[in-house]
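Please review this briefing alongside the sequence and the coordinates. It takes strand pairing and then cysteines.

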Amino acid sequence: MLDFPIRSLLTCVIWSLVTWTSGLNVAQAITRYVPDQGTLDQVLARVINGDTVIIRAGSHRLLKTALLSRRNDITIQGEAGAVIYSAVPAGTTAAIRMSTCNRVVLSGLKLEGAFQSARGIKIDSTCSFITLRNCEVTHCGHHGIDIDARDSSILNCISHHNLAF
C-alpha cells in the first residue's frame, strides 16, 4: 500500500492531467462551403480530418491547384449545377490533386478544363481508399482523371474530350 505523500502526489498528477487535457482546443470536423468560406483551393487548405466540403451550385474558377494533402476521411460533394472551371497555369500538375490521403470521397463534381497542360484530377500513389462517384471531367489538356491510388474506386464517372488518355 502506498503511504500518504506518494498517494497525494499521484492524485495531484492525475488531477492535473485531467484538467490539462479537458482544456485542449481539439478541432472538430465540420461542413465547409465553397464559395461561402472561400475558393476551393482555400477551403481544401483548411480542411481537417473528417470534414465535408460542399461546392455550391454555380460557376467556380480555379486559378491554382486545389491540393488536398495529408488528410483522411474527407468528403467533397458538388451540388447539382456546380461547375469548376480550371484556369490553372501551364506546367501545373492538375486542377485538383491529392497526396498522402486516405478514405476520401469526391462526389458529384463537374470539372471543365481549358485544354491547358494540366490533368483534371490527379490522385498520387501515396493515397488509398479514394472514391470518385458521379463526376464528369472534360476538356483537360492531359488526362481527365489520373489515379495511382491503392484500393480505390471510380463509379459512374465520365471523362471525355481530354487530350490524353
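In this predicted model, strand 10 (residues 119-123) pairs with strand 13 in the parallel sense. The pairing runs over 3 bridges. One residue pair places it: isoleucine 121 has isoleucine 145 of strand 13 as its bridge partner.

**Sheet**

- Strands 10 and 13 belong to an open sheet of 4 strands, with parallel pairing.
- The strand order is 4-7-10-13.
- Strand 4 (66-69) and strand 13 (145-147) are the edge strands. Each of these two pairs on one side only.
- From one strand to the next, the twist averages 5°.

**Cysteines**

- How many disulfides are there? The count is 0, with a disulfide taken as a pair of cysteine sulfur atoms within 2.5 Å.
- Cysteine 101 is in no disulfide. Its nearest cysteine sulfur belongs to cysteine 127 and lies 4.6 Å away.
- Why does cysteine 135 have no bond to cysteine 157? The sulfur of cysteine 157 is the closest cysteine sulfur to that of cysteine 135, but at 4.4 Å it is too far for a bond.

**Burial of the cysteines**

- Is cysteine 101 buried or exposed? Cysteine 101 is buried, because its relative accessible area is 0% and the cut-off for buried is under 20%.
- Cysteine 135 also counts as buried, at 2% relative accessibility.

Terms used. Residues are numbered from 1 along each chain as its sequence is written. This is a predicted model: local features need pLDDT of at least 70, side-chain atom pairs count only at pLDDT 80 or more; totals for chains, interfaces and linings use all residues. Side-chain values use heavy atoms; hydrogens and water are left out. Buried means under 20% relative accessible area, exposed over 50%, partly exposed in between (1.4 Å probe, protein chains only). Two strands pair if DSSP finds at least two bridges between them. Axes are lines fitted to C-alpha atoms, for helices over the stretch in contact, and angles run from 0 to 180 degrees between N-to-C directions.
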